[in-house]
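Take a look at the model below. The text after it walks through the parts one step at a time.

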Amino acid sequence: MDLATRRRRLALFLFFMVPGLSISSWVTRTPDIRDALDASTAQMGLVLFGLSVGSMLGILSSGALVARFGTRPVIGTGTILVIASMAAIGCGTLLSSAPLVTAGLFLFGAGMGSGEVAMNIDGAEVERITARTVLPTLHGFFSLGTVVGASLGIVFTATEFPVQWHLAAIAVVSTAILLYAHRHIPSGIGIRAREGKGAGAGTNAPAPVWRDSRLLLIGGIILAMALAEGAANDWLPLLMVDGHGLDATMGSAVYAGFAAAMAAGRFTGGFLIDRFGRVAVVRGSAVSAAFGLTMVIFVDHAVFAGAAVLLWGLGAALGFPLALSAAGDSGEDSAARVSFVAMIGYVAFLVGPPGLGFLGDHYGLRAAMTAVLAFVAVAIFLAPAVGSRKATARQSEPAVPATDDAAPPRT
């Protein structure tokens, strides 16, 4: 790997850390933010609606933005929006202003939704040119960011450090990362040439990627596993506080354990994939996440539930990046395929959890998590879709007896 590629990979590592650090910083302070806003669970769901709207706009625009401008400006702009969101959420908490916190979450959703789709496209390109497993490690740095952010959140929650100064510090650190890393992302990645006009134009254009049934199955996997991760990122501290009777500090500690399990799963993912293959790892991940969720939902014991969160985190760790890798080698136009399934994943990751707030207000957060469990259970049966194209092609081709006159290759 040449120096420029190593620097590019390091820059992507750092860019992936920023949203992880940011989201865990505000999630671990959600009990304090809720108290400052004097909001109920349903009202917090409405506050999170800003995250949903921003996420949808960011996600739905990301593919077109990358196709028009490339990944570099989209990553940079998305990170700027995430940084601005920390300042807005902190100010909203200081002023006890739910609309301002909602606006901050809108900025966060727009920045993360657009920026991370672009980062995944760039990461898939690095994976292609280096012929190495990269995406799980990239997402591992997102999880590492959540571990760092959650650990700081535990300390600041326990010491009653003001939320606004906590989030301001995160904004400053993220700005430093942006200034260092952005220059190492090359221009032009992901830009698609515009189709020409005139007779015969577009006659050889490939079919839209969403018509690929295998890609849709991969999208189903990423939807389920991203929802499992997003539900924990948005609701786990409150789930442990309201659903299992822990105090705010211990709720944040359980979330830190989840983030640590995610990071461990992603940093060891390369070995597991090389040893067992994508299908087995995705299926095992879904089983682990489903078992952990079952324990958290149905076992009325805080210690067992806290331990089960580790299985939930390990299970959710690899589904998202492995589905992206599978999408990238599922056919032509890798960038469009990665963009498509990444959008599905980020819809689930960022938009799904607010809906759980409305279910939680009516049935309790533990009961609301059964919706997540159902999606993860389905992913167990969709796992074969992430198998490599070569393996799938070999399995689907009929056996042909060897002859001296070999048949011409298929096209």
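**Aromatic pairs and the core**

F258 and W312 are both buried. The model is a predicted one, and these two residues make a good entry point. Their ring centres lie 5.7 Å apart, with the planes at 75 degrees. Planes over 60 degrees apart count as edge-to-face, so F258 and W312 form an edge-to-face pair. F258 sits in helix α9 (residues 248–267) and W312 in helix α12 (residues 302–317). The pair therefore ties together parts that are 54 residues apart in sequence.

How many aromatic pairs are there by this rule? The count is five. Another of them joins F13 and F141, with ring centres 4.3 Å apart. Their planes meet at 10 degrees, so this pair is stacked. F13 belongs to helix α1 (residues 3–27), and F141 to helix α6 (residues 135–158). Along the chain, the two residues are 128 residues apart. Are F13 and F141 buried or exposed? F13 has 10% relative accessibility and counts as buried. F141 is buried too, at a relative accessible area of 18%. F13 and F141 also join F267 in one aromatic cluster.

Now turn to the nonpolar core. The largest one has 117 residues. W26, L236, W312, M369, V372 and V376 touch the most other members. W312 is thus a name met twice: in the pair with F258 and in this core. Helix α8 (residues 213–244) gives the core its largest share, 16 residues. What does W26 touch, leaving aside residues up to four places away in sequence? Its partners are I33, L48, M86, L105, L167 and D234.

One of those partners, L167, leads to helix α7 (163–181). This helix has 19 residues. From its first C-alpha to its last, α7 reaches 27 Å, close to the 27 Å expected at 1.5 Å a residue. Its buried residues are V163, Q164, H166, L167, I170, A171, S174, I177, L178 and A181. They cover an arc of only 155 degrees around the axis, which puts them on the same side of α7. A general rule of helices helps here. An α-helix has 3.6 residues a turn, so residues three or four places apart point the same way. The buried residues of α7 pack against α1, α2 (30–37), α4 and α6. The face turned away from the buried side carries the exposed residues W165, V172 and L179.

Two loop residues deserve a look at their backbone angles. S96 is not a glycine, yet its phi is positive, about 55 degrees. It is found in the loop between α4 (71–94) and α5 (98–130). S96 is partly exposed, with a relative accessible area of 44%. E160, also a residue other than glycine, has a positive phi near 55 degrees. E160 lies in the loop between α6 and α7. At 69% relative accessibility, E160 counts as exposed.

Last comes confidence. The protein averages a pLDDT of 83, and 90% of the residues score at least 70. Where is confidence highest, and where is it lowest? It is highest in α7, at 95. It is lowest in helix α16 (residues 389–396), at a mean of 43. Residues 196–203 stay under 50 in pLDDT, and the model gives them two contacts beyond four places in sequence. Residues 390–411 are also below 50. That stretch has three contacts in the model beyond near neighbours in sequence.

Methods: Residues are numbered from 1 along each chain as its sequence is written. This is a predicted model: local features need pLDDT of at least 70, side-chain atom pairs count only at pLDDT 80 or more; totals for chains, interfaces and linings use all residues. Side-chain values use heavy atoms; hydrogens and water are left out. Rings of Phe, Tyr and Trp (its six-membered ring) pair if their centres lie within 6.5 Å; planes under 30 degrees apart count as stacked, over 60 as edge-to-face and the rest as tilted. Helices (H or I, at least four residues) and strands (E, at least two) are DSSP runs, numbered from the N terminus. Buried means under 20% relative accessible area, exposed over 50%, partly exposed in between (1.4 Å probe, protein chains only). A nonpolar core is a set of buried Ala, Val, Leu, Ile, Met, Phe, Trp, Tyr and Cys residues joined through side-chain atoms within 4.5 Å. Contact means heavy atoms within 4.5 Å. The expected span of a helix is 1.5 Å times one less than its number of residues. The arc is that of the directions from the helix axis to the C-beta atoms. pLDDT is the predictor's confidence in each residue, from 0 to 100.
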